[in-house]
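Colleague: Could you walk me through this model?

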Amino acid sequence: MPVEVKICGIRSAEGLDAAIDAGADLIGFVFFPPSPRAVTPAEAGALSARHAGGPVRVGLFVDPTDDEIAAALAGVSLGLIQLHGEETPDRAAAIRARFGVPVMKALGIAEEADFASVAAFAPVVDRFLFDARPPPGGPLPGGNAQPFEWRLMAGRAIPRPWLLAGGLTAGNVAEAIRTAGAPGVDVSSGVERTRGVKDPALIRAFVAAAKG
Ligand SMILES: O=C(O)c1ccccc1NCC(=O)[C@H](O)[C@H](O)COP(=O)(O)O
């Protein structure tokens with residue numbers, strides 16, 4: 001199976017076009033205003049409308065209210081809701097039931113114990129994303145260019161499709177996939193020329209390295 005690639009934090013036409021041309025399978029729109037990658041629902045809708053079909057449009061939320069999700073969905077059709085905060089399994093289940101959109105739960109990983117909630121989320125989510133646990137007190141729960149120990153994933157039975165994230169670049173993604181046994185990867189900082197600004201050449205290099 002080819003490795004799935006998600007390019008997260010798309011907020012420009014050139015970033016979106018490069019991700020689609022390069023063969024990304026999923027693209028992420030960040031609906032979290034403190035992020036330098038944040039977009040409004042209208043901006044995401046306008047970007048998404050540049051291409052009919054193509055990659056799954058992922059909406060990224062951090063402890064969202066129902067109103068926030070509804071507002072995003074009014075602006076752009078999403079194929080996946082990524083929950084990147086402190087959402088509980090009950091909250092993930094409620095979001096999935098209310099909006100009828102598949103859900104991906106992001107879990108921050110730094111040690112073995114961080115996998116404890118996988119079993120509780122598995123019945124109520126469609127995918128997992130394993131990212132580096134964010135630094136304490138940091139401004140963002142993701143998108144921090146910080147890797148975690150990929151060997152923590154090796155040989156682990158995850159009962160849903162999953163993506164590996166955190167500090168990936170074109171230079172390390174092949175090794176990360178091999179070490180973690182990852183069926184898919186997610187990147188944001190590693191394909192940016194400056195924080196929040198995607199670089200088409202880095203996007204192309206990343207997708208080629210991940211799928212090569
Ligand atoms: O990217 C953000 O700005 C962000 C903000 C708040 C919550 C999550 C966020 N990103 C989540 C992602 O899916 C990133 O792609 C993932 O954390 C990997 O980021 P990076 O280490 O920068 O490649």
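Here are some questions and answers about it.

Modeller: This is a predicted model, where local features need pLDDT of at least 70, side-chain atom pairs count only at pLDDT 80 or more, and totals for chains, interfaces and linings use all residues. Residues are numbered from 1 along each chain as its sequence is written.

Colleague: What is the mean pLDDT of the protein?

Modeller: pLDDT is the predictor's confidence in each residue, from 0 to 100. Here 100% of the residues reach 70 or more, and the mean is 97.

Colleague: How many residues surround the ligand?

Modeller: A residue counts if its C-beta atom, placed from the backbone, lies within 6 Å of the ligand. The closest are C8, S35, G142, G143 and S189. In total, the ligand is surrounded by 27 residues.

Colleague: Which strands each supply at least two residues of that shell?

Modeller: Strands are DSSP runs of E with at least two residues, and helices are runs of H or I with at least four, numbered from the N terminus. The two strands asked for are β2 (26-30) and β8 (184-187).

Colleague: Is D63 buried or exposed, or in between?

Modeller: D63 sits in the loop between β3 (56-61) and α3 (66-75), and its phi is near 45°, a positive value in a residue other than glycine. Buried means 20 or more other C-beta atoms within 10 Å of a residue's own, exposed means 12 or fewer, and partly exposed lies in between, with C-beta atoms placed from the backbone. Because D63 has 13 other C-beta atoms within 10 Å, D63 is partly exposed.
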